[in-house]
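User: I am new to this structure and would like to know how the labels given to its parts are justified. Please set each value against its cut-off.

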Amino acid sequence: MKILVTGGTGYIGSHTVVELQNRGYDVVIADNLSNSYEYVVDRIEQITGKRPDFHRIDLTHKEQTADLFKQHSVLSGVIHFAAFKAVGESMENPLDYYRNNLDSLINVLEGMKNNSIRNIVFSSSCTVYGQPDELPVKETSPIKEAWSPYGNTKQMSEDIIRFAVNAHGLKSIALRYFNPIGAHDSALIGELPLGVPNNLVPFITQTAIGKRKSLKVFGSDYNTHDGTAIRDYIHVVDLAQAHVVAIDRMIDNRSKLDFEIFNLGTGNGFSVLDVVKSFEKVAGQKLNYELTDRRPGDIEKVWADTSFANAELGWSAKRNIDDMMRSAWKWELALSDNK
Ligand code: UD1
C-alpha cells in the first residue's frame, strides 16, 4: 500500500515517513525543498533501510501536481504536510501564505478526486482555537478569529476539506497539533530552522551550543505558576505515529465520520521556564536566558484535552518533556558534529 506524503522532507513529514515505512507502507514524497533538503531522503533510508520515492515538485503548480497523480494514480491515501508555517512571516507576507497553503491543498484534493483516491490526513494546528475560554481545549471548542494569516490558512483548509469530502466522496482526518518538538532518536532527522529560530526549543539548543548568546523568555507576567506562557509540547515521533494510526483508521474503514478532527498533544501544559529547567537537567548545563517583554500575538496558555484522540484512535503520547528535550539536544549536537 502506497501513501503520498507532501512535505515529506520537512520536520514532521520526515518523521512520519519513517513511521509509515516502519509499518510497511510504501511512501512517495512530494516536496519543493523550500524549507528542507534532499539529503533527508538518504537519512530516512539510513533509518528504515527503505528509500522513499522522492519527487521535487511544487504543489501550487497545477500541472506538476496533476502529473504526479498521473504517475501515482493508485494510492491508499495522502498525508498533506506541505505548507508555510511561520506565524510572524505570515503577518508580513499574507498573500504568499494564502497562495501557497491553499493552492497546494486544492491541487492535491483535485488530484485525489480525479484519480478516485479517498483518504487524506491533514496537518492542522491548535492555533485554530486561539486563546480558548476553557482548558484543556476539546475538539468541539469554538474556533476563534485567526490571529495570523498562517492560522487562518489552517482554519480555511479545514473548511475546504470539509466541503470537498462532502461533494466528492472523500474521507479525511484533520490532526490539530499542539507544539511538536524533539527529534528522532537516531539523531539523523530533526528540525532544521533556517536562520534565527522563531520557536522555543531550537532557540534553546542553539543557545546552549553557543550559536546564540541568550534565550529571550517572552513574557514573565502571565497568569501562570511562574509567570511564563504555557504550551502542550509533544514529541515529534509520538505525533508521527498518530498519522500512521489515522491512515490505518481510514484504510480499514473505521472512521465514524467522513471528516474527523483530533487534538494531538500530551494533555500536559509546561511553561517556558519548565522547558528550560527540563533542558538544563537532561543536558547537564545551565542555560543563558533573560526575561523580556511578551511577544505580540502570543497566547497565555493552551493545552489539549486528548481524551477523544486517546479513546477513538487508541493512541496516546508516550514520551515526556525530558525525553523531548534529550532528543532535541542530541539532534543539536549531531548537527554541530556534521559541520
Ligand atoms: C506557534 C503557533 C503554532 C505553530 C508553531 C510552529 C500560534 C498560537 N502558535 O506556536 O500554530 O504550529 O508556532 O511554527 O500561533 N518563546 C520564548 N522565546 C523564544 C521563542 C518562544 O519565550 O525565543 C515562547 C513563546 O512566547 C511561547 C513558547 O515559547 O510561549 C512557545 O513558542 P513557539 O515555539 O514559537 O510556539 P508557539 O508560538 O506556541
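Analyst: The answers below concern a predicted model and take one label at a time.

User: Why is the pair of F262 and F308 called stacked?

Analyst: The ring centres of F262 and F308 are 5.1 Å apart, and the limit for a pair is 6.5 Å. The planes meet at 25 degrees; under 30 degrees counts as stacked, so the label applies. The structure holds 5 aromatic pairs, one of them being this pair of F262 and F308.

User: What makes this pair a tie between separate parts of the chain?

Analyst: F262 belongs to strand β11, residues 259-264, and F308 to helix α10, residues 307-313, so the two joined parts are 46 residues apart in sequence.

User: Are F262 and F308 buried or exposed, and how do you know?

Analyst: F262 has a relative accessible area of 0%, and buried means under 20%, so F262 is buried. F308 has 38%, which falls between 20% and 50%, so F308 is partly exposed.

User: Which residues touch the most other members of the largest nonpolar core?

Analyst: They are L20 and L175, in a core of 36 residues. Elements that give two or more residues to this core include β1, α1, β6 and β11, and α8 gives the most, with 8 residues. Beyond its neighbours up to four places away in sequence, L175 touches residues including V121, F122, A242, A246, F262 and L264. Another core, of 24 residues, lies apart from the largest one; L4, L59, I120 and A174 are among its members.

User: Why is helix α7 called mostly covered?

Analyst: In α7, residues 200-208, 9 of 9 residues are buried. Being buried requires a relative accessible area under 20%, so each of these residues falls below that value. Among them are L200, F203, I204 and A208. The buried residues of α7 pack against β7, β8, β10, α9 and α11. Just after α7, G210 has a positive phi of about 100 degrees.

User: How do you know that E332 and K211 form a salt bridge?

Analyst: Their closest N and O atoms are 3.6 Å apart; the limit is 4 Å, so the pair qualifies. E332 sits in helix α11 and K211 in the loop between α7 and β8, 121 residues apart. E332 counts as buried at 4% relative accessibility, whereas K211, at 38%, is partly exposed. The whole structure has 22 salt bridges.

User: What makes R294 and D221 a salt bridge, and where do they lie?

Analyst: The closest N and O atoms of R294 and D221 are 2.9 Å apart, which is within 4 Å, so the pair counts. R294 lies in the loop between β13 and α10, and D221 in the loop between β8 and β9, so parts 73 residues apart in sequence are tied together. D221 is exposed because its 54% is over 50%. R294 has 42% and is partly exposed.

User: Why are K281 and D322 given opposite labels, exposed and buried?

Analyst: K281 has a relative accessible area of 57%, over the 50% cut-off, so K281 is exposed. D322 has 14%, under the 20% cut-off, so D322 is buried. The two form a salt bridge with closest N and O atoms 2.6 Å apart.

User: How do you know that the side chain of K301 reaches N223?

Analyst: The side chain of K301 comes to 2.9 Å from the backbone oxygen of N223; a polar contact needs 3.5 Å or less, so the distance satisfies that limit. K301 lies in the loop between β13 and α10.

Terms used. Residues are numbered from 1 along each chain as its sequence is written. This is a predicted model: local features need pLDDT of at least 70, side-chain atom pairs count only at pLDDT 80 or more; totals for chains, interfaces and linings use all residues. Side-chain values use heavy atoms; hydrogens and water are left out. Rings of Phe, Tyr and Trp (its six-membered ring) pair if their centres lie within 6.5 Å; planes under 30 degrees apart count as stacked, over 60 as edge-to-face and the rest as tilted. Helices (H or I, at least four residues) and strands (E, at least two) are DSSP runs, numbered from the N terminus. Buried means under 20% relative accessible area, exposed over 50%, partly exposed in between (1.4 Å probe, protein chains only). A nonpolar core is a set of buried Ala, Val, Leu, Ile, Met, Phe, Trp, Tyr and Cys residues joined through side-chain atoms within 4.5 Å. Contact means heavy atoms within 4.5 Å. A polar contact is a pair of N or O atoms within 3.5 Å; within protein, one must be able to donate a hydrogen and the other to accept it, and residues adjacent in sequence count only if both atoms are side-chain atoms. A salt bridge is a side-chain nitrogen of Lys or Arg within 4 Å of a carboxyl oxygen of Asp or Glu.
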